[in-house]
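The following exercises are intended for a reader who meets this structure for the first time. Each task is followed by a solution in steps.

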Amino acid sequence: MPLEAIPKPYRSIIQQNYSDYIADKDLNSANLKKYFDEGFNQTIKYYGDYICWVCINCMAVGVPSFGWGKKPQRCPRCKESKTYEVATFQGRASRMGNAFAWSFYYLMEKNFNFQIYPTPEGTNTHDFEITQAVAIESKGSPSYIINPDGTRVALGEPGLMRTDTEKKAFANATKYRQRNPDGFFCIVTNALPKRLLRYSDRDINAIYDITKKEQIDLFLRDIGKVII
Ligand SMILES: [Zn+2]
């Protein structure tokens, strides 16, 4: 079940990353980061979700003008400001979220022999659970993209660093809490602002940066206490 639950193309990507960065190695924050980053990178490669732009003005007259990286204010050819990014954040976001969530799922199962379960279709408050009493919401996204020309484009606000992502996760926690007053709701991410380190409130029991070894240990310890 555990491996079969992971859909294409994530299954083979994650298996490969696990064998490259985690298997037969000491688990530390450096190889954890590589494991999760490669999940993003390989998924971007698979879907062609690179950062690139095209000039609509030039395209309209049949002379293509385009390039890798963030779009220039003005097209270098026609000097008009009709340049557009090709793959948008919205398109990439759900695939990046999936890459992170399944990487987390696989790591838990394979490295810790710790079984979590993808939530049934239609559950929109959290991605994984152990029993109904333990909900895990996953919020991960990359901080950079490596384009085919080798350039590295910074994305700025990975994981919970993005305010919209934080708001969504917090809203999900509130919804979950209304239905499960005594449940354990936590968020796992690959990046969180300092103010959310060790954060908890009425709705959220904990937030973990799961790319850090000591945060994984904390996660396993906390959940261990809840499910006993
Ligand atoms: Zn142009």
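**Exercise 1.** Which residues does Ile 136 touch, not counting residues up to four places away in sequence?

*Solution.* The model is a predicted one, in which local features need pLDDT of at least 70 and side-chain atom pairs count only at pLDDT 80 or more, while totals for chains, interfaces and linings use all residues. Residues are numbered from 1 along each chain as its sequence is written.

Step 1. Two residues are in contact if their C-beta atoms, placed from the backbone, lie within 7 Å.

Step 2. By this criterion, and with residues up to four places away in sequence left out, Ile 136 touches Ile 116, His 126, Asp 127, Phe 128, Glu 129, Cys 186 and Val 188.

**Exercise 2.** Describe the chain as a whole.

*Solution.* Step 1. The chain has six helices and ten strands; helices (H or I, at least four residues) and strands (E, at least two) are DSSP runs, numbered from the N terminus.

Step 2. The C-alpha trace spans about 65 × 40 × 35 Å along its principal axes.

Step 3. The domain assignment, which is automatic or taken from a database, gives domain 1 (10–46 + 90–227) and domain 2 (52–85). Between the C-alpha centres of domain 1 and domain 2 there are 36 Å.

Step 4. Of the 228 residues, 34% count as buried. A residue is buried if 20 or more other C-beta atoms lie within 10 Å of its own, exposed if 12 or fewer, and partly exposed in between, with C-beta atoms placed from the backbone.

Step 5. Among contacts between residues at least 6 apart in sequence, 54% join residues at least 24 apart.

**Exercise 3.** Which residues have the most contacts inside the largest nonpolar core, and which element supplies the largest share of this core?

*Solution.* Step 1. A nonpolar core is a set of buried Ala, Val, Leu, Ile, Met, Phe, Trp, Tyr and Cys residues joined through C-beta atoms within 7 Å.

Step 2. The largest such core has 45 residues, and those with the most contacts inside it are Trp 102, Phe 104, Tyr 105, Ile 136, Phe 185, Cys 186 and Val 188.

Step 3. Elements that each supply at least two residues of this core include α1 (10–21), α2 (29–47), α4 (89–112), β6 (134–139) and β9 (184–189). The largest share, ten residues, comes from α4.

**Exercise 4.** How do α2 and α1 pack against α4?

*Solution.* Step 1. Axes are lines fitted to C-alpha atoms, for helices over the stretch in contact, and angles run from 0 to 180 degrees between N-to-C directions. Angles under 35 degrees count as roughly parallel, over 145 as roughly antiparallel, 65 to 115 as roughly perpendicular and the rest as oblique.

Step 2. The axes of α2 and α4 are 9 Å apart, and the packing angle is about 140 degrees; therefore α2 is oblique to α4. Among the residues that make this contact are Phe 36, Gly 39 and Phe 40 of α2 and Met 96, Ala 99 and Phe 100 of α4.

Step 3. The axes of α1 and α4 come within 10 Å and cross at roughly 55 degrees, so α1 is also oblique to α4. This contact is made by Tyr 10, Ile 14 and Tyr 18 of α1, together with residues of α4 including Asn 98, Ala 99 and Trp 102.

**Exercise 5.** Is Ala 99 buried or exposed?

*Solution.* Step 1. Ala 99 lies in helix α4.

Step 2. Ala 99 is buried because 29 other C-beta atoms are within 10 Å.

Step 3. Leaving aside its neighbours within four places in sequence, Ala 99 is in contact with Tyr 10, Gly 39, Phe 40 and Thr 43. Ala 99 and Tyr 10 are 89 residues apart in sequence, but 6.3 Å apart in space, C-alpha to C-alpha.

**Exercise 6.** Examine the backbone at Pro 9, Asp 24 and Lys 79.

*Solution.* Step 1. Pro 9 is placed in the segment before α1, and the peptide bond from Lys 8 to Pro 9 is cis, with omega near 0 degrees.

Step 2. Asp 24, in the loop between α1 and α2, has a positive phi of about 60 degrees although it is not a glycine. Asp 24 counts as exposed because it has 5 C-beta neighbours inside 10 Å.

Step 3. Lys 79 lies in the loop between β2 (66–68) and β3 (83–85), and its phi is near 65 degrees, a positive value in a residue other than glycine. With 10 C-beta neighbours inside 10 Å, Lys 79 counts as exposed.
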